[in-house]
Amino acid sequence: MTKGGFDGFPRETVSFLSELAKNNDKAWFEERKGDYEQEVLEPARAFVAAMGERLKKISQGVVADPRRDKSIFRIYRDVRFGKDKRPYKTHLGIFFWEGKAKKMECPGFYFHLEPPNLTLGAGLYMFSPAQLSAYRESAVHPRRGRELAKAAAAVRKSGPYEIGVQRYKRVPRGYDKDHENAEFLTFGGLTAMVEAPIPKELYSEAVLDYCFARWKHMAPIHKWLLAMNERVK
């Protein structure tokens with residue numbers, strides 16, 4: 001048993017999420033709410049506690065809060081405004097964030113288990129308007145722009161990581177479309193992501209090493225964003 005009581009996710013975690021994808025309705029979920037608590041939430045809480053300790057080796061300020069709607073995202077979908085009225089998310093989402101801003105305006109490390117795949121990511125998925133302005137100015141700044149390109153290159157060199165998030169077809173008005181960092185100017189968020197079939201490590205404490213190794217590779221993006229966020233007004 002590891003520190004924090006975590007020795008891997010049970011296979012029932014994956015089974016529950018797979019079955020939920022086939023039976024995404026309130027009656028089915030309510031009958032199995034106890035299973036959700038035991039097979040998904042309990043191991044997720046233990047993972048957060050154990051992984052939070054590991055991540056401090058990358059960055060001391062990382063927040064690992066095992067409460068629901070803190071590091072562990074709620075399973076209930078917000079169906080008020082979209083056409084998709086399915087009540088539940090069919091994945092387990094966990095986020096370790098760092099910074100003084102609101103949680104979703106901070107960079108961090110993301111765990112997304114959605115059978116048959118596991119996705120790991122780092123960064124900040126969607127900039128606020130103030131962050132977007134600071135990001136673009138940083139991307140073209142002589143020193144900060146070079147640091148951004150260097151961080152992205154280091155992540156790409158470390159493994160099959162996808163750098164994003166591209167949300168604009170063109171370089172925004174007022175910026176040089178031929179700038180060496182033009183690619184980054186089309187982004188609306190900055191992340192590194194890797195998706196793969198669920199590894200065997202998920203079912204043992206080895207998943208801590210599996211995630212840590214990949215998040216360490218992605219850390220240059222995280223640290224660049226931490227510095228950028230300090231300049232947001």
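1. **Lining of the largest cavity.** In this predicted model, the residues that line the largest cavity comprise six nonpolar, two polar and two charged residues. They are Leu17, Tyr36, Val40, Phe73, Arg74, Ile75, Lys89, His91, Leu92 and Gly93. Helix α3 and strand β1 (92–97) each contribute at least two residues to this lining. The space in the largest cavity amounts to about 50 Å³. A search of the whole structure returns one cavity of 30 Å³ or more.

2. **The largest pocket.** The largest pocket holds about 560 Å³ of space. It is lined by 25 residues, and those closest to its centre are Met104, Leu124, Tyr125, Met126 and Thr191. By class, the lining of the largest pocket consists of 13 nonpolar, eight polar and four charged residues. At least two residues of this lining come from each of β2 (108–114), β3 (117–124), β4 and β5.

3. **Helix α1: length.** Helix α1 covers residues 11–22, which makes 12 residues. At 1.5 Å a residue, a span of 16 Å is expected, and the C-alpha atoms at the two ends are 17 Å apart, so the two values agree.

4. **Helix α1: two sides.** Which residues of α1 are buried? They are Thr13, Val14, Phe16, Leu17 and Leu20. Because these residues cover an arc of only 160° around the axis, they lie on the same side of α1. Arg11 and Lys22, on the other side of α1, are exposed. The buried residues of α1 pack against α2 (26–31), α3, β1 and β2. Leu17, one of the buried residues of α1, is also among the residues that line the largest cavity.

5. **Helix α5: length.** Helix α5 runs over residues 142–158 and has 17 residues. The span expected at 1.5 Å a residue is 24 Å; the end C-alpha atoms are 25 Å apart, and the expectation is therefore met.

6. **Helix α5: two sides.** The buried residues of α5 are Gly145, Leu148, Ala151, Ala152 and Val155. Why can they be assigned to the same side of α5? The reason is that they cover an arc of only 120° around the axis. Exposed residues on the other side of α5 are Pro142, Arg146, Lys150 and Lys157. The buried residues of α5 are covered by elements including α4 (129–140), β4 (162–166), α6 (182–185), β5 (187–197) and α7 (206–229).

7. **Ser138.** Ser138 belongs to helix α4, one of the elements that cover the buried residues of α5. Is Ser138 buried or exposed? Its relative accessibility is 2%, so Ser138 counts as buried; the cut-off for burial is under 20%. Apart from neighbours within four places in sequence, Ser138 is in contact with Arg144, Gly145, Trp224, Met228 and Arg231. Of these partners, Gly145 is itself among the buried residues of α5.

8. **Glu42.** Glu42 lies in helix α3, which covers residues 33–55. Its relative accessible area is 47%, so Glu42 is classed as partly exposed, a class that falls between the limits of 20% and 50%. How far apart are Glu42 and Val194 in sequence and in space? The separation is 152 residues in sequence and 25 Å in space, taken from C-alpha to C-alpha.

9. **Cis peptide bonds.** Two peptide bonds deserve a reader's attention. The bond from Pro115 to Pro116 is cis, with omega near 15°, and Pro116 is placed in the loop between β2 and β3. The bond from Gly164 to Val165 is also cis, with omega near 20°. Val165 is located in strand β4, and strand β4 supplies at least two residues of the lining of the largest pocket.

10. **Asp69.** Where does Asp69 lie? Its place is the loop between α3 and β1. Asp69 has a positive phi of about 70°, although it is not a glycine. With a relative accessible area of 42%, Asp69 is partly exposed.

How values were computed: Residues are numbered from 1 along each chain as its sequence is written. This is a predicted model: local features need pLDDT of at least 70, side-chain atom pairs count only at pLDDT 80 or more; totals for chains, interfaces and linings use all residues. Side-chain values use heavy atoms; hydrogens and water are left out. Helices (H or I, at least four residues) and strands (E, at least two) are DSSP runs, numbered from the N terminus. The expected span of a helix is 1.5 Å times one less than its number of residues. Buried means under 20% relative accessible area, exposed over 50%, partly exposed in between (1.4 Å probe, protein chains only). The arc is that of the directions from the helix axis to the C-beta atoms. Contact means heavy atoms within 4.5 Å. On a 1 Å grid over the protein atoms alone, a cavity is a set of points where a 1.4 Å probe fits but cannot get out, and a pocket is an open set with protein on both sides within 12 Å along at least five of seven lines; lining residues have an atom within 4 Å of a point. Grid points are joined across faces, edges and corners, and a volume is the space filled by probe spheres set on the points. Ala, Val, Leu, Ile, Met, Phe, Trp, Tyr, Cys and Pro count as nonpolar, Asp, Glu, Lys and Arg as charged, and the others, Gly among them, as polar.
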